[in-house]
Amino acid sequence: MILFTSPHHHYVTPKFYTETKPVTGKVAPTWNYSTVQVYGTATVYFDPEEQATGAFLDAQLRDLSAHCEGQVMGFEGEEAWSVDEAPEGYLRVLKRNIVGLSVEIDRIEGKVKMSQERKPGDREGVIKGFEALGTDTAKEVARLVRQKGDRVGG
């Protein structure tokens, strides 16, 4: 299993539950998060002397570099850096320090928990509470709570 988590997650204090806490007091702290689990069979490429490892790492280095040069940096054609510009001996040294991983995916599962299970008043309290914190993560969690709450009709 490989676990991917969102960079935007946060502890939720029961004080944010402005609808349930004053009426029943039946609240507890929790955590808002998003996660994806990928299940499958992994192949690890770690021996640079093995032909399969060399071919795999070559392809990964070329594909990743081309993607980042073009899509991340916006460089095209001769403006973009290419793996071919690095000396072969240098690439051999680098590949000894890289472990490649490929996964044949069998199943993907995910969960988004952003207070969508809460009553509308509690969700609004969570949104206001996070917005008041003022951090980038708290603002993004507030946005996600609002977005997920809108989807459940509330």
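The domain assignment divides the chain of this predicted model into domain 1, which covers 1–46 + 101–153, and domain 2, which covers 47–98. Domain 1 is thus given as two segments of the chain, 1–46 and 101–153. Taken over C-alpha atoms, the centres of domain 1 and domain 2 are separated by 36 Å.

The interface between the two domains involves four residues of domain 1, which are in contact with six residues of domain 2. Together the domains bury about 440 Å², and carbon and sulfur atoms account for 64% of this area. On the side of domain 1, 95% of the area buried against domain 2 is supplied by Y45, F46 and L101, more than by any other three residues. By class, the residues of domain 1 that touch domain 2 comprise three nonpolar and one polar, with no charged residues.

The values computed across this interface are collected below.

| Feature of the interface of domain 1 and domain 2 | Value |
|---|---|
| Buried area | about 440 Å² |
| Share of buried area on carbon and sulfur atoms | 64% |
| Salt bridges | zero |
| Residue pairs in polar contact (both at pLDDT 80 or more) | zero |

A separate local feature concerns S115. This residue lies in the loop between β4 (100–113) and α4 (120–133). The phi angle of S115 is near 65°, a positive value in a residue other than glycine. S115 counts as buried because its relative accessible area is 0%, and the cut-off for a buried residue is under 20%.

Conventions:
Residues are numbered from 1 along each chain as its sequence is written. This is a predicted model: local features need pLDDT of at least 70, side-chain atom pairs count only at pLDDT 80 or more; totals for chains, interfaces and linings use all residues. Side-chain values use heavy atoms; hydrogens and water are left out. Helices (H or I, at least four residues) and strands (E, at least two) are DSSP runs, numbered from the N terminus. Buried means under 20% relative accessible area, exposed over 50%, partly exposed in between (1.4 Å probe, protein chains only). Domain bounds come from an automatic or database domain assignment. Contact means heavy atoms within 4.5 Å. Buried area is the accessible area (1.4 Å probe) that two parts lose on being put together, summed over both. A salt bridge is a side-chain nitrogen of Lys or Arg within 4 Å of a carboxyl oxygen of Asp or Glu. A polar contact is a pair of N or O atoms within 3.5 Å; within protein, one must be able to donate a hydrogen and the other to accept it, and residues adjacent in sequence count only if both atoms are side-chain atoms. Ala, Val, Leu, Ile, Met, Phe, Trp, Tyr, Cys and Pro count as nonpolar, Asp, Glu, Lys and Arg as charged, and the others, Gly among them, as polar.
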